[in-house]
Amino acid sequence: MISPLALHRDALAATLRDSGAFGVVEAHATASVVGAYHVTVIDLPALDDATVREIVRSRPTVAWGGYLHTGTVAGLVDAGMRGYVSVIGARRDLVSAVIRVASGELSLPQIDPTVVRLTPAERRVCQAYLVDLADSSRASVAAELGISERTLKVHLANVRAKINSSAANRVELARHLRARGMLDG
């Protein structure tokens, strides 16, 4: 694991160790080896862009964390990254990504923003409700947008259905949309 943050580094190492799939997992701030696989797992949000690009050019790398838009993931793949697991990914996704990358495959998310598109009204509602007016009530957001609260709820339900999310609150819905590159801010 490569992370200047010991808590993240240790948690990632424990996840891989506990999987039973790897004999040795070393956790370091500047270098790492996952067993005989010789795959580096980096804690993406904890490292600056230049460091990430240097690491992915030098050895097989799986990046973990963050909410990267598919365009950003594509840029890192162009730089040499072999795998990416979003922070909302399950532990088994990280383990699977390391195994796939070690066997020479790519392990990238199947998120394609061209498949699921929000209507302009849905984008406007999400931006206001989840970002710009996130501390306001639904009724206040609806009034600010010049729509009824019922219409706001319908738009949000449609968005949840489109992204196949049962997100129970604003934070979860925003996280899901950011992970898909569908929300600014």
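Helices (H or I, at least four residues) and strands (E, at least two) are DSSP runs, numbered from the N terminus.

**Figure 1. The whole chain, element by element.** This is a predicted model, so a few ground rules come with it: local features need pLDDT of at least 70, side-chain atom pairs count only at pLDDT 80 or more, and totals for chains, interfaces and linings use all residues. Residues are numbered from 1 along each chain as its sequence is written, and side-chain values use heavy atoms, with hydrogens and water left out. The secondary structure comes to eight helices and three strands. Walk along the sequence and you meet the pattern α-β-α-β-α-β-α-α-α-α-α. Of the 185 residues, 37% count as buried (buried means under 20% relative accessible area, exposed over 50%, partly exposed in between; 1.4 Å probe, protein chains only). About 9,500 Å² of the chain is exposed, and carbon and sulfur atoms supply 52% of that (areas are from the Shrake-Rupley method with a 1.4 Å probe; for residues, only the protein chains shown count as cover). Take the contacts between residues at least 6 apart in sequence, and 50% of them join residues at least 24 apart (contact means heavy atoms within 4.5 Å).

**Figure 2. The three-stranded sheet.** The strands form an open sheet in the order 1-2-3, with parallel pairing (two strands pair if DSSP finds at least two bridges between them). Strand 1 and strand 3 (83-85) sit at the edges with a single partner strand each, so one side of each has no neighbour in the sheet. On average, neighbouring strands are turned by 20 degrees against each other, direction ignored (axes are lines fitted to C-alpha atoms, for helices over the stretch in contact, and angles run from 0 to 180 degrees between N-to-C directions). Strand 1 and strand 2 are joined over four bridges, while strand 2 (residues 61-64) and strand 3 pair over three bridges. Helix 4 lies across strand 1, strand 2 and strand 3, and runs at about 160 degrees to strand 2.

**Figure 3. Strand 2 and its partners across the sheet.** Thr 61 and Ala 63 point one way from strand 2, Val 62 and Trp 64 point the other way, and all are buried. Val 62 stands opposite Gly 83 in strand 3. Asp 43, from strand 1 (residues 40-43), stands opposite Trp 64. Asp 43 and Trp 64 are 21 residues apart in sequence, yet 5.3 Å apart in space, C-alpha to C-alpha. Asp 43 is buried, with a relative accessible area of 0%.

**Figure 4. Ser 107, in a loop.** Look for Ser 107 in the loop between helix 4 (91-102) and helix 5. Buried or exposed, this Ser 107? Ser 107 is buried, with a relative accessible area of 8%. Leaving out residues up to four places away in sequence, Ser 107 touches Arg 82, Gly 83, Tyr 84, Ala 97, Arg 100 and Val 101.

**Figure 5. Helix 6 and its buried face.** In helix 6 (residues 138-145), the buried residues are Val 141, Ala 142 and Leu 145. Seen down the helix axis, they fall within an arc of 100 degrees, so they line one face of the helix (the arc is that of the directions from the helix axis to the C-beta atoms). An α-helix has 3.6 residues a turn, so residues three or four places apart point the same way. On the other side of helix 6, Ala 143 and Glu 144 are exposed. The buried residues of helix 6 pack against helix 5 (120-132), helix 7 (149-162) and helix 8 (170-179). Right after helix 6 comes Gly 146, with a positive phi near 75 degrees.

**Figure 6. The largest nonpolar core.** This core has 19 residues, and those with the most contacts inside it are Cys 126, Leu 130, Leu 152, Leu 156, Leu 173 and Leu 177 (a nonpolar core is a set of buried Ala, Val, Leu, Ile, Met, Phe, Trp, Tyr and Cys residues joined through side-chain atoms within 4.5 Å). Helix 5, helix 6, helix 7 and helix 8 each supply at least two residues of this core. The largest share, five residues, comes from helix 5. A second, separate core of 13 residues includes Ile 42, Ile 55, Ala 63 and Tyr 84.
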